[in-house]
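Reader: I would like to learn how to read a model like this one, feature by feature. Could we begin with charged side chains and work inward from there?

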Amino acid sequence: MATSAQIRTTAAENLGILAEGETLPSFEVGDLNQAITEVYNELRRMNLVTWASTDAIPDEFARSFAMMVAESRAVKYQVPTERYQRIKGEAMEATMRFRALQAKQKIIQTPIEYF
């Protein structure tokens with residue numbers, strides 16, 4: 001399970017605003033926490049999350065979630081084009097993973113009707 005701090009760190013590293021051994025300034029911590037909330041709320045709105053907003057994120061979705069957070073702030077932090085394209089691509093894959101999870105849950109939860 002990944003904590004919000006781990007998601008924030010992964011997103012910051014992908015954005016290129018955090019190097020190994022550094023700590024984020026408080027304004028970036030606050031901004032990335034806001035991004036985490038925004039991404040979570042968007043996924044929840046689409047019925048794509050399986051955890052509460054205060055829970056740790058399941059390991060199988062942690063990197064995907066972090067990439068979606070990074071994508072939400074890539075323009076703000078003026079990420080170079082090549083890095084932006086990588087973030088964007090991984091975030092698109094993450095969205096597909098969450099949608100696959102939703103489809104799988106619907107299949108599991110749908111009662112089977114026998115005729």
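Author: Let us start with Lys88, which at 32% relative accessibility counts as partly exposed, because that class covers the range between the limits of 20% and 50%. Please keep in mind throughout that this is a predicted model.

Reader: Which residue does the side chain of Lys88 meet in a salt bridge?

Author: The general idea is that side chains of opposite charge can pair when their charged atoms come close. In this case the partner of Lys88 is Glu71, and the N to O distance of the salt bridge is 2.8 Å. The pair links distant parts of the chain, since Glu71 belongs to helix α3 and Lys88 to helix α4, with their positions 17 residues apart. Glu71 is likewise assigned to the partly exposed class, with a relative accessibility of 24%.

Reader: How many salt bridges does the structure hold, and where do Arg86 and Glu90 lie?

Author: The structure holds seven salt bridges, and one of them joins the side chains of Arg86 and Glu90 at 3.4 Å, N to O. Both of these residues lie in helix α4, four residues apart, which is about one turn of the helix. Arg86 is partly exposed, with a relative accessible area of 33%, and Glu90, at 22%, counts as partly exposed too.

Reader: In the salt bridge between Asp31 and Lys76, is Asp31 buried or exposed?

Author: A salt bridge tells you which atoms approach one another, and the accessibility of each partner has to be read separately. The closest N and O atoms of Asp31 and Lys76 are 3.0 Å apart, and the pair links distant parts of the chain, from helix α2, where Asp31 sits, to the loop between α3 and α4, where Lys76 sits, 45 residues apart. Asp31 is buried, because its relative accessible area of 11% falls under the 20% limit, whereas Lys76 counts as exposed, because its 53% is over the 50% limit. Asp31 and Lys76 also belong to a network of salt bridges in which Glu38 and Arg73 are linked with them.

Reader: Before we go inside, which elements make up the protein chain, and in what order do they run?

Author: The protein chain has four helices and zero strands, so that, reading from the N terminus on, the elements run α-α-α-α. Of its 115 residues, 36% are buried. The chain exposes about 7,400 Å², and carbon and sulfur atoms supply 53% of that area.

Reader: What share of the contacts between residues at least 6 apart in sequence joins residues at least 24 apart?

Author: The way to read such a figure is to ask how far along the sequence the two partners of a contact stand. Here the share is 69%. Met68, found in helix α3, serves as an example, and this residue is buried, with a relative accessible area of 10%. When its neighbours within four places in sequence are left aside, Met68 is in contact with Val39, Leu43, Ala91, Ala94, Thr95 and Phe98. The C-alpha atom of Met68 is also separated by 8.7 Å from that of Ile36, a residue 32 places away along the chain.

Reader: Phe98 is an aromatic residue in that list, so how many aromatic pairs does a search of the whole structure find?

Author: The search finds five aromatic pairs. In one of these, Trp51 and Phe65 are arranged edge-to-face, with 6.0 Å from centre to centre and 75° between the planes. This pair links distant parts of the chain, for Trp51 is in the loop between α2 (26–45) and α3 (59–73) while Phe65 is in helix α3, 14 residues apart. Trp51 counts as buried at 8% relative accessibility, and Phe65 is buried with a relative accessible area of 1%.

Reader: Why is the pair of Trp51 and Phe98 called tilted?

Author: One looks at the angle between the ring planes, and an angle that is neither under 30 degrees nor over 60 gives a tilted pair. For Trp51 and Phe98 the planes stand at 50°, with the ring centres 6.1 Å apart, and the pair is therefore tilted. Phe98 lies in helix α4 (residues 81–109), 47 residues from Trp51 in its loop between α2 and α3, and both residues are buried. Finally, Trp51, Phe65 and Phe98 belong to one aromatic cluster together with Tyr40 and Phe61.

Notes:
Residues numbered from 1 in each chain as written. Predicted model: local features only at pLDDT ≥ 70, side-chain atom pairs only at ≥ 80, totals over all residues. Heavy atoms only, no water. Phe/Tyr/Trp six-rings, centres within 6.5 Å; stacked < 30°, edge-to-face > 60°. Helix = DSSP H or I, 4+ residues; strand = E, 2+ residues; numbered from the N terminus. Buried < 20%, exposed > 50% of the residue type's maximum accessible area, 1.4 Å probe, protein only. Contact = heavy atoms within 4.5 Å. Areas by Shrake-Rupley, 256 points an atom, 1.4 Å probe, with all protein chains shown as cover. Salt bridge = Lys/Arg side-chain N within 4 Å of Asp/Glu carboxyl O.
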